[in-house]
Amino acid sequence: MNDIIKLLKSHRSIRKFSDRPIPKELLRELIQAGQGAATSSHVQAYTVIHVKDQANREQIAELAGGQGYIATCADFLVFCADMKRPTEASERTGANVVRGMTEQLLVATVDTALMAQNVAVAAESEGLGICYIGGIRNNPQEVSDLLRLPKHVYPVFGMCLGYPEQEPEVKPRLPVEAVLKEDYYTEDCEQVEAFDTTMQAYYQARSSSNKDTDWSRNLKPLFDNKLRPHMRDFLIKRGFEMK
């Protein structure tokens, strides 16, 4: 196993950070590493907002569900799916641009996720910790207004960055057999049941936030009710009409 694979398999979400600042040059390098990610048709349909204003960070922390580490990490980034830049560039060449296609939403969202994951891996290779913040989609309109995002741009998630001040355990993943299929999709109930046992032991033994649950039971709140039902109308208002 080489060092890159070891790094990828050692990821933990970090929520406690030291006061040590991240050098500006390093942050720029991380963004450039992110730009090296695969991108559909070289569209590069993303924009990253580096939120430096402390009042804005504190407001986003509340909008994201009271996640205080947004305000206390060294740097906070918001990764945005951006179809404004590529469609306007195309329009300036004389193209009769069709906007609001579902495929445009998918391309921009996937591009953004790939770019962000490159940033995350690059950051961890430099000894930094990261934590993705999907909670900004709790109140996406308010976050968009705060960041002055134009139409055809939407915030996908945030990312806390900083030097770790905690050493959480690596959370187990599903067995490879559950996610890697040969030729056809097959059921994986046995693997899931075994994984539930693994996760229950993990949750009970980890060094913080112990709880008596497993993987399947932990998913229940995500599927018991409609999750963020406001996102469809929000995306349509952003110009992603999903035609």
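Which residues does I236 touch, not counting residues up to four places away in sequence? The views below are of a predicted model, in which local features need pLDDT of at least 70, side-chain atom pairs count only at pLDDT 80 or more, and totals for chains, interfaces and linings use all residues. Residues are numbered from 1 along each chain as its sequence is written, and side-chain values use heavy atoms, with hydrogens and water left out.

**View A. Surroundings of I236 in helix α11 (residues 230-237).** Beyond residues up to four places away in sequence, I236 touches E241 and M242, where contact means heavy atoms within 4.5 Å. With a relative accessible area of 29%, I236 is partly exposed, a class that lies between buried (under 20%) and exposed (over 50%), computed with a 1.4 Å probe on protein chains only. The C-alpha atom of I236 is separated by 19 Å from that of T47, the two residues being 189 apart along the chain. Helices here are DSSP runs of H or I with at least four residues, strands are E runs of at least two, and both are numbered from the N terminus.

**View B. Cysteines C73 and C80, with C160 as the nearest sulfur partner of each.** A disulfide is counted as a pair of cysteine sulfur atoms within 2.5 Å, and by this rule the count is zero. The sulfur of C73 lies 3.9 Å from that of C160, its closest cysteine sulfur, and is therefore too far for a bond. C80 is also in no disulfide, since the sulfur of C160, the nearest, is 15 Å away. Both cysteines are buried, C73 at 4% relative accessible area and C80 at 0%.
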